[in-house]
Amino acid sequence: MDRFVYLDNSATTPVKPEVLEVMLPYLQTEYGNPSSIYKKAASAEAAVREARKQVAEALHAEPNEIFFTACGTEADNWAIKGAAYANQHKGKHLITTQIEHHAVLHTMEYLEKQGFSVTYLPVDAEGLVSPESLKEAIREDTILISVMMANNEIGTVEPIRELAAIAAEKKILFHTDAVQAIGSLPVDVKELGVSMLSLSAHKFGGPKGVGALYIKKGTKIDTFMHGGAQERGRRGGTENVAGVAGLGKAITLATQKLEAKTERIMALREKLIEGILQSIPDVRLNGHRTKRLPGNVNCCFRYIEGEALLLRLDAKGVAASSGSACTSGSLDPSHVLLALGLPHEIAHGSLRLSIGEQNTEADVEHVLSVLPDIVKTLRAMSPLYSE
Ligand SMILES: *Cc1c(COP(=O)(O)O)cnc(C)c1O
């Protein structure tokens, strides 16, 4: 069987043909440096300007509030370190959650070593952060709160508007990692009330190696990448012109007809969830049943290892992930699943299937036709399992 089913869209997505098309000229004939003043460079400068406008429109921001970065990870690093250092005279306390992406968690851990103190908010069994727990964690010296918009492993969507309102009331900066949200949820920075928001092109049909940080006008934040005068002097480095142009096109496409698109994806998700729960015993669906990314399915299969499951799915042409892509290769169970209160032995047997725009009903049916047998075979080999 030659069928290939890509269900790892939370790890990365294929570049859309229309996106590639707008990128190509800047890798070929339009190679000028956007900072140069001669005519040859004008098209590159215009491409970056157009992309900034496209990102601003998608987020309901102003173009001068959009700063291009090398990736989502850089946007998170910049937001958190930049805001921490620029505001440390007011206090050195930061708040985040236990389920953030490592781009946020490891940045917070680094800042702890630099003398900041960090509160890691717990989540409930579905992965939700409670506004009450945020209120209780806020101190006189709190300068920054960072909570992700949607979790990359379990898909839980956090109540960002409510959390950001609590921060605003106390005049504390609020950052959200919206890398998983763009193209899956409506994202309006004004309505959300956030001071900073991170995104990454390759998670919504754009190229790898380019992201952006929204910084609300007036937000105090240090420069992260020191160098030339690019990005209004706040992020040095010659622009990734092709990548930036691709990001602009990708965010426009990803946010168009969002409702119709996510409705279709959600129907595939429901079919997949129902199919798994009905055909396989001892399965737990992780994350919130409804407050979840339209394309996210994350399950724990008792008595088996996630890695073994992935290898057998791969042999059947299914690309999926266990825990988060960044931790596969390590045997530590996912910090997100542990934060839900799952014991280690269950957190090890997790599978994430993330559905994207290119997936079809036939893809879901293929997974449902191979997964029950794989689970059965692996359980038959497990010393922990008895029927
Ligand atoms: C993928 C991802 C990132 C990192 O983005 P890169 O562009 O790959 O560096 C950060 N946060 C979340 C939630 C992600 O899913």
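Where is T97 found? T97 sits in strand β3. Keep in mind as you look around that this is a predicted model.

**T97 and its neighbours**

With a relative accessible area of 1%, T97 is buried, since anything under 20% counts that way. Its side chain has polar company: the side chain of T97 reaches the backbone nitrogen of I99 at 3.2 Å, and it also makes a polar contact with the side chain of E100 at 2.8 Å. Leaving aside residues up to four places away in sequence, T97 touches L105, Y120, L121, V129, S146 and V147.

**Helix α4**

One of those partners, L105, is also among the buried residues of helix α4, alongside A103, V104, T107, M108 and L111. What do these buried residues pack against? They meet α3, β3 (93-97), β4 (117-121), β5 (142-146), β6 (173-177) and α12 (335-339). The helix itself covers residues 102-113, and its 12 residues should span 16 Å at 1.5 Å a residue; the end C-alpha atoms are 16 Å apart, so the two values agree. After α4 comes G115, with a positive phi near 100 degrees.

**Helix α3 and the ligand**

Helix α3 (residues 72-86) supplies the largest share of the shell around the ligand, namely 3 residues. Is α3 largely enclosed or not, and why? It is largely enclosed by the rest of the structure, because 13 of its 15 residues are buried. Its length checks out too: 15 residues at 1.5 Å each should span 21 Å, and the end C-alpha atoms are 21 Å apart.

Now for the ligand itself. There are 13 residues around it, and T73, D177, Q180, S200 and K203 come nearest. Sorted by class, the shell has 3 nonpolar, 7 polar and 3 charged residues. Three polar approaches to ligand oxygen atoms are worth pulling up on screen:

| Residue | Atom on the protein side | Distance to a ligand oxygen atom |
|---|---|---|
| G72 | backbone N or O atom | 2.8 Å |
| Q180 | polar side-chain atom | 2.6 Å |
| H202 | side-chain N or O atom | 2.9 Å |

Taken alone, the ligand exposes 380 Å², and the protein buries 89% of that.

**N359**

Next, hop over to N359, which lies in the loop between β12 (350-354) and α14 (361-381). Is N359 buried or exposed? At 2% relative accessibility, N359 counts as buried, because the cut-off is under 20%. Apart from residues up to four places away in sequence, N359 touches Y6, L7, N9, R264, L268 and S354. With Y6 there is a polar pairing as well: the backbone oxygen of Y6 lies 3.0 Å from a polar atom of the N359 side chain. N359 and I265 are 94 residues apart in sequence, yet their C-alpha atoms are 8.1 Å apart in space.

**Two positive phi values**

Finally, a couple of backbone spots to check. H60 has a positive phi, near 65 degrees, and is not a glycine. You'll find H60 in the loop between α2 (42-59) and β2 (66-69), and at 42% relative accessibility it counts as partly exposed. R232 is another residue other than glycine with a positive phi, here near 50 degrees. R232 belongs to helix α8 (residues 230-233), and its relative accessibility of 40% makes it partly exposed.

Terms used
Residues are numbered from 1 along each chain as its sequence is written. This is a predicted model: local features need pLDDT of at least 70, side-chain atom pairs count only at pLDDT 80 or more; totals for chains, interfaces and linings use all residues. Side-chain values use heavy atoms; hydrogens and water are left out. A residue is near a molecule or strand if one of its heavy atoms lies within 4 Å of it. A polar contact is a pair of N or O atoms within 3.5 Å; within protein, one must be able to donate a hydrogen and the other to accept it, and residues adjacent in sequence count only if both atoms are side-chain atoms. Accessible areas come from the Shrake-Rupley method with a 1.4 Å probe; for residues, only the protein chains shown count as cover. Helices (H or I, at least four residues) and strands (E, at least two) are DSSP runs, numbered from the N terminus. Ala, Val, Leu, Ile, Met, Phe, Trp, Tyr, Cys and Pro count as nonpolar, Asp, Glu, Lys and Arg as charged, and the others, Gly among them, as polar. The expected span of a helix is 1.5 Å times one less than its number of residues. Buried means under 20% relative accessible area, exposed over 50%, partly exposed in between (1.4 Å probe, protein chains only). Contact means heavy atoms within 4.5 Å.
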